[in-house]
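Reader: Before accepting any structural label, I should like to see the criterion behind it. Please set each value against its definition.

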Amino acid sequence: MKSMRILLTGASGQVGGEFLRRLRAMPSGIEVIAPTRAQLDVAQPLALREAVRAAKPDLIIHPAAYTAVVKAESEPDLARRINAEGPAVLAEEAARLGAALLHFSTDYVFDGRHEGAYTEDMPTHPLNVYGATKREGELAIAASGAAHWILRTSWVYNLAGNNFMKTAIRLAQQKESYTIVGDQFGAPTWASTIAAVCCRMLAGANGGREKVQATSGLYHLTAAGATSWHGYASLIARELMAQGVAVKLKGLEHITPVPSSSYPTPPERPLNSRLDCGKLERTFGLALPQWDDDALACLRQIIRHYRLDQGQLLPD
């Protein structure tokens with residue numbers, strides 16, 4: 001990327017943190033403005049507008065979102081401000097400045113009833129407030145006239161933050177046996193891969209802004225392949241055992257797959273979250289890594305960077 005100014009939201013999150021790390025490691029000429037939560041409240045559209053006008057960025061990267069799927073059902077107005085109104089404001093300001101917008105969305109815009117992998121042009125039908133508000137944000141950006149990439153991803157995890165990988169580690173270390181949903185399928189996707197792929201996509205003239213303009217639109221970006229939550233948890237437990245990490249789990253056969261109906265807590269979630277990433281791979285000449293290769297790489301980093309203390313993986 002050539003000289004450019006980037007406004008990055010959500011820098012303390014899983015995806016935002018990876019972007020910040022990678023952008024700061026780039027050669028000089030990249031100015032990154034990454035306000036903290038205290039400095040920028042993404043629940044206040046006016047604050048977002050003021051932040052863009054103050055920064056005058058060439059590119060806005062916006063991974064910040066309301067992602068508490070269960071809580072969104074009781075906080076629909078807050079979820080809508082963050083997931084729909086906020087992206088709309090950023091897109092309006094990007095269009096006004098002639099800047100580009102890189103925004104992240106979710107597999108939850110679909111209802112999961114399709115048997116194969118979803119392509120970008122398939123009809124959406126969100127099952128919950130989270131998915132509905134993310135879809136509203138997509139539509140607002142597409143209608144803004146701003147150069148944009150909307151990237152739908154799924155089942156995101158990283159070394160930092162709360163995610164299923166961390167939950168599966170705790171379950172293996174704390175329980176002799178447990179049940180996990182076995183009829184929801186998707187692609188666990190490493191935040192590190194998301195940021196790395198996006199940086200490769202952006203590489204080009206004028207810091208990538210012209211490339212966004214030329215390829216503006218909606219793309220799916222997940223790891224390749226798919227698994228169930230049960231398959232994902234089993235992979236994690238197997239690797240913990242192989243790496244000699246102390247676990248309470250008696251064996252992989254003691255992780256029992258159960259249907260989603262065993263966990264009737266609302267809201268409803270899509271059973272099929274598989275996204276077809278062929279459009280992104282063809283457009284940008286990319287090959288996305290397999291979900292299990294990435295998951296094992298991230299898990300091994302967790303094991304390396306954390307110390308074993310009283311049978312638990314804890315931060316150094």
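Reader: What makes the largest nonpolar core a core, and which residues have the most contacts inside it?

Author: A nonpolar core is a set of buried Ala, Val, Leu, Ile, Met, Phe, Trp, Tyr and Cys residues joined through side-chain atoms within 4.5 Å. The largest such set has 33 residues, and those with the most contacts inside it are Phe19, Ile61, Leu102, Phe104, Trp149, Leu151 and Leu280. In soluble globular proteins, nonpolar side chains tend to be buried together. This is a predicted model, in which local features need pLDDT of at least 70 and side-chain atom pairs count only at pLDDT 80 or more, while totals for chains, interfaces and linings use all residues. Residues are numbered from 1 along each chain as its sequence is written, and side-chain values use heavy atoms, with hydrogens and water left out.

Reader: Which elements give two or more residues to this core?

Author: They are E1, H1, E3, E4, E5, H7 and helix H10 (278-284); H7 gives the most, with eight residues. Helices (H or I, at least four residues) and strands (E, at least two) are DSSP runs, numbered from the N terminus.

Reader: With which residues is Leu151 in contact, leaving aside its neighbours within four places in sequence?

Author: Contact means heavy atoms within 4.5 Å. On that criterion the partners of Leu151, beyond those sequence neighbours, are Leu102, His103, Phe104, Ser105, Cys198, Met201, Tyr219, Leu221 and Leu280.

Reader: Why is Ser192 called buried?

Author: Buried means under 20% relative accessible area, exposed over 50%, and partly exposed in between (1.4 Å probe, protein chains only). Ser192 has a relative accessible area of 10%, and is therefore buried. Ser192 is found in helix H7.

Reader: What makes the pair Ser192 and Arg22 a polar contact?

Author: A polar contact is a pair of N or O atoms within 3.5 Å; within protein, one must be able to donate a hydrogen and the other to accept it, and residues adjacent in sequence count only if both atoms are side-chain atoms. The side chains of Ser192 and Arg22 are joined at 3.0 Å, so the pair satisfies the limit of 3.5 Å.

Reader: How do you know that strands E1 and E3 pair?

Author: Two strands pair if DSSP finds at least two bridges between them. Strand E1 (residues 4-8) and strand E3 (residues 59-62) have three bridges, in the parallel sense, so the criterion is met. Leu8 stands opposite Ile61 in E3. Both strands belong to an open sheet of six, in the order E2-E1-E3-E4-E5-E10, with parallel pairing.
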